[in-house]
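Please look at the model shown here with its sequence. The paragraphs after it go through cavities, salt bridges, a surface patch and some backbone features.

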Amino acid sequence: MGSYWIDTTDAPVRPPPEGDLRADVVVVGAGIAGLCAARELVRAGREVVVLEAGRVAAGASGHATGKLTSLHGLRYARLAHERGPEAAELYARSQEEALRRTVLLCGELGIDAELERVPAFTYVMDGERAPEVFLEAEAARAAGLDARYVTVTGLPYPVAAAVRVEDQLQFHPRRFLLGLAEDLVARGGVVHEGTRVTGLRELAECRLTLAGGAVVHASDVVLATQFPLVCHSGLMARLTVRRELVVAAPVAAGDAPEGMYFTEEDGVRSVRSAPYPDGRRLVIVTGEAVTPGAGGTGQRLARLEAWAHRHLAGFPGGPAPYRWAAQDVYSADHLPYIGHEHPDTQHVFVATGFGGWGMSNGVVAGPLLAAHVTGGPRPPWTELYDPRRLLPLREIGEVARSQATVARHYMAGFGPPPRCTHMGCELGFDESEQIWECPCHGSRFAADGTVLHGPATAPLERKDLP
């Protein structure tokens, strides 16, 4: 289980702090949202410290598929229906701005992130869903995207219908983020790896505690940790976590499909390719969406690999050379939460709920978070992403169902050990990865109880079984 992006990049070690710290702004999390925000804040003259529990761009961003697209499944028709055509247009504008900004940053900083311009497709195999796809193409075009309805794609198998959007981006996410981190440090920012934040209080100033006892003081804090380390109950109720598996293998360049492809069918299937060092293309396949803790990773990987072998020319049978898992947080209304953590906070900001589209939404979050912190001009989509926004009526039932599931896991956590140190939910053990996973909020623990992924900050309690 190793990410191709992490395996093909070397990164300098950035040690933990040696004692207490003070900064204008502390950014928790060195993924795409955290680093984009930190760079904008440093450019605005703020003293910025980034705290990362693991390594830079080795968490969610290092396990992404590296797609930067404004086409996010079948989102525009739904968004226009629930919030109006203007909301759909603002969403499209923000995503296209993220693509433009990424190209600009790579050029300005000289980052070789293997940027490629390709079309993006959302497709269905089921002919009965073709009208739904047609409506999505119309809504995406009305929102300002170069979108059209098609029935033929670059895939080596037929589809019933698809939305095609031109001139999208794919890239090597970790190369991009390591370049951002290098520029951030060159501009006076500080990055500390291996530094887990265990607590946060917002008083006259923000006070963060670190594992080991050190304290960090800051005027403002940005939480860019997927599921926020500190999360008001109202926001927590609107977030769910999902994992998807990724398999990748090199194929002959002529066998790799051109473009990026996504379908919600078959438990999600996503296909794209990337440059491979020997001139071939690395075909990357994502799918088998599942709640953390559900287990069965080995069987799901085999199912995904078998699908890729059947559908994609040159993809080998059996275990793929690269296998990893991507985890993301989903909001109840399918829009990210970027801004104040809850209505009463003034100096704590979050970026979460990217819903599987973290690359473009992470870039969107950078300047928006910086504008919140500095009080500078805010983009026109600020309110669209405000975590304090009201939910559409149809989403309230979804939140209630999600919380009922959480409640069941929470009550079960008071039975046999172990239970999550975040909120006490029962954990599931994945035999393939040898990892404990929390189905409520996505915390992950090594077999020995060490925290691998928050929002949990404390290791599992050791217990002797009878």
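What follows is a short walk through this predicted model.

Residues are numbered from 1 along each chain as its sequence is written, and side-chain values use heavy atoms, with hydrogens and water left out. Since the model is predicted, local features need pLDDT of at least 70 and side-chain atom pairs count only at pLDDT 80 or more, while totals for chains, interfaces and linings use all residues.

Start with the interior. Rolling a probe the size of a water molecule over the atoms shows where empty space is left. A cavity is, on a 1 Å grid over the protein atoms alone, a set of points where a 1.4 Å probe fits but cannot get out; lining residues have an atom within 4 Å of a point. Grid points are joined across faces, edges and corners, and a volume is the space filled by probe spheres set on the points. By this measure the structure has 6 cavities of 30 Å³ or more. The volume of the largest cavity is about 80 Å³. It is lined by 14 residues, of which Arg243, Val290, Thr297, Asp430 and Glu437 are the closest to its centre. At least two lining residues come from strand E11 (239–251), and at least two from helix H8 (297–311). Helices (H or I, at least four residues) and strands (E, at least two) are DSSP runs, numbered from the N terminus. The lining of the largest cavity has 5 nonpolar, 4 polar and 5 charged residues. For this count, Ala, Val, Leu, Ile, Met, Phe, Trp, Tyr, Cys and Pro are nonpolar, Asp, Glu, Lys and Arg are charged, and the others, Gly among them, are polar.

Arg243 and Glu437 from this lining are also paired with each other in a salt bridge, their closest N and O atoms being 3.3 Å apart. The pair links distant parts of the chain, with Arg243 in strand E11 and Glu437 in strand E19 (residues 435–437), 194 residues apart. Both Arg243 and Glu437 are buried. Buried means under 20% relative accessible area, exposed over 50%, and partly exposed in between (1.4 Å probe, protein chains only).

How many salt bridges does a search of the whole structure find? The search gives 30, a salt bridge being a side-chain nitrogen of Lys or Arg within 4 Å of a carboxyl oxygen of Asp or Glu. Side chains of opposite charge can pair when their charged atoms come close. Another salt bridge joins Arg303 and Glu288, at 2.9 Å from N to O. This pair also links distant parts of the chain: Arg303 is in helix H8 and Glu288 in strand E14 (residues 281–290), 15 residues apart. Arg303 is partly exposed at 44% relative accessibility, whereas Glu288 is buried at 6%. Salt bridges that share partners also join Arg39, Glu108, Asp183 and Arg187 into one network.

A salt bridge within a single helix is formed by Arg101 and Glu97, with closest N and O atoms 3.7 Å apart. The two residues are separated by about one helical turn because they lie 4 residues apart in helix H4 (residues 85–109). Arg101 is buried, with a relative accessible area of 18%, and Glu97 is partly exposed, at 22%.

On the surface, Phe134, Leu135 and Tyr149 make a nonpolar patch of about 290 Å². Patches are made of residues with over 30% relative accessible area and no salt bridge, where like charges are joined within 9 Å and nonpolar side chains (Val, Leu, Ile, Met, Phe, Trp, Tyr) within 5 Å. Accessible areas come from the Shrake-Rupley method with a 1.4 Å probe; for residues, only the protein chains shown count as cover. Leu135 belongs to helix H5 (residues 130–142) and is exposed, with a relative accessible area of 53%.

The backbone comes last. Most residues other than glycine have a negative phi, and most peptide bonds are trans. Glu288, in strand E14, has a positive phi near 60°. Asp266 also has a positive phi, near 60°, and is found in the loop between strand E12 (260–263) and strand E13 (269–275). The peptide bond from Gly454 to Pro455 is cis, with omega near 20°. Pro455 is in the segment after strand E21 (451–453).

Key:
On a 1 Å grid over the protein atoms alone, a cavity is a set of points where a 1.4 Å probe fits but cannot get out, and a pocket is an open set with protein on both sides within 12 Å along at least five of seven lines; lining residues have an atom within 4 Å of a point.
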